[in-house]
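Visitor: I am new to this structure and would like to learn how its features are read. Could you take me through a few of them, step by step?

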Amino acid sequence: MDNFIFQNPVKLIMGRGMISRLSEEIPADKRVMITFGGGSVKKNGVYDQVKEALKNHFTVEFWGIEPNPSIETLRKAIALGKEEKVDYLLAVGGGSVIDGTKLISAGLLYDGDAWDLVLAGRPVTHTVPLATVLTLPATGSEMNSGAVISRHETKEKYPFYSNYPLFSILEVTFTLPPHQVACGIADTFVHVMEQYMTTPGQSRVMDRWAEGILQTLMEIAPKIRENQHDYQLMSDFMLSATMALNGFIAMGVSQDWATHMIGHELTALHGLTHGHTLVIVFPGTLRVLRKAKGDKILQYGERVLGITSGSRDERIDEAIRRTEEFFRSLGLTTRLSEEGIGMETIDEIERRFNERGVRYGENEDVTGAVAKEILKSSL
């Protein structure tokens, strides 16, 4: 196990009726801007609960933070926040709303264009306090310091890091479209894989923890597909998503993230939902990097999928096949060609990687050329 320093300051508040705690958690003298997405919170009752809890607070609302939040939208929120002298933020929605609000929290205290903060690539610690009410599990943004911000005019998408939320309320909802639920399960699954599918023998604790989340997701996914109104199932899904990316399973182990960086490009170029891009790219990552990742693929195959017979190559093949089969069982396509994406896009992603000189993966071996091979194997 590698040396590490771990701290996660987020207060997690989960369960029915816990939105009412907003009135206790947010100081009464704060000027609060509440950020939202497209309006689903008005249909599932969350909006009314938030407004009731904060009825004695000063609040201003900002609506319209889209999936893959764009700097173009967030600039408007920052301008409103400055105009209203906001000194506290509450993000209500899914990971994209929370991601966008993290940049808002930094932009409110920055004199220039907030896109500068994204391009700088450094964590921003001078921010307005932020809390969240999570309604769509997937990204883990409610309990980490990361975000991903897009710029539509140039079709770019980059990670951004700031402060952690002070607290997050996890509100289980049942009105999400099935496609969003499927993408959220896929996103959570690959988040775990990015931290697990590297090198064996680094930490028994982290391996077993990661494998437990993977097993949980594979167990509950078909049941959620049948009935996403089951509170216990959706609670397990929500907590799995939070635990997948709050830093716990990353302690002392190497991480990959090549699949995510390739997936971000597919979203930027074609607008595919983030979780959907991952199920297209990840099996290709395993196919192309099977030599380097072979021992861990075998461990995953045995412990998570129960694959114990056959030659080494046969067991690796079966583990990859069944992983892709799991993604398809969610109702998601797993090939670029199914989404009308071909070599033109693959060449453009290779060009972008090469232009930036980036190298991803736990061994820093995923160059533009390797990314191209991964995408070609995903056609």
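Visitor: What is the order of the strands in the open sheet, and how do they pair?

Guide: Keep in mind that this is a predicted model. A sheet is read by walking from one strand to its neighbour, and here the 6 strands of the open sheet follow the order S1-S8-S5-S4-S2-S3, with parallel pairing. Strand S1 (11-14) and strand S3 (58-62) each have a single partner strand and stand at the edges, so one side of each is left without a neighbour in the sheet. On average, and with direction ignored, neighbouring strands of this sheet are turned by 20° against each other.

Visitor: How many bridges join strand S4 to strand S5?

Guide: Strand S4 (residues 88-94) and strand S5 (residues 130-136), which run parallel, are joined by 6 bridges. Leucine 90 stands opposite alanine 131 in S5.

Visitor: Which strands does helix H5 lie across?

Guide: Helix H5 (residues 95-107) lies across strand S2 (31-35), S4 and S5, and the helix runs at about 160° to S4.

Visitor: At what angle do helix H11 and helix H13 pack?

Guide: Helix H11 (residues 274-288) packs with helix H13 (residues 312-329) at an angle of about 180°, and their axes are 10 Å apart. Angles over 145 degrees count as roughly antiparallel, and H11 and H13 are therefore roughly antiparallel to each other. Val279, Phe282, Pro283, Leu286 and Arg287 of H11 make the contact with Ile320, Thr323, Glu324 and Phe327 of H13. Sorted by class, this contact of H11 with H13 has 6 nonpolar, 1 polar and 2 charged residues.

Methods
Residues are numbered from 1 along each chain as its sequence is written. This is a predicted model: local features need pLDDT of at least 70, side-chain atom pairs count only at pLDDT 80 or more; totals for chains, interfaces and linings use all residues. Side-chain values use heavy atoms; hydrogens and water are left out. Two strands pair if DSSP finds at least two bridges between them. Helices (H or I, at least four residues) and strands (E, at least two) are DSSP runs, numbered from the N terminus. Axes are lines fitted to C-alpha atoms, for helices over the stretch in contact, and angles run from 0 to 180 degrees between N-to-C directions. Contact means heavy atoms within 4.5 Å. Angles under 35 degrees count as roughly parallel, over 145 as roughly antiparallel, 65 to 115 as roughly perpendicular and the rest as oblique. Ala, Val, Leu, Ile, Met, Phe, Trp, Tyr, Cys and Pro count as nonpolar, Asp, Glu, Lys and Arg as charged, and the others, Gly among them, as polar.
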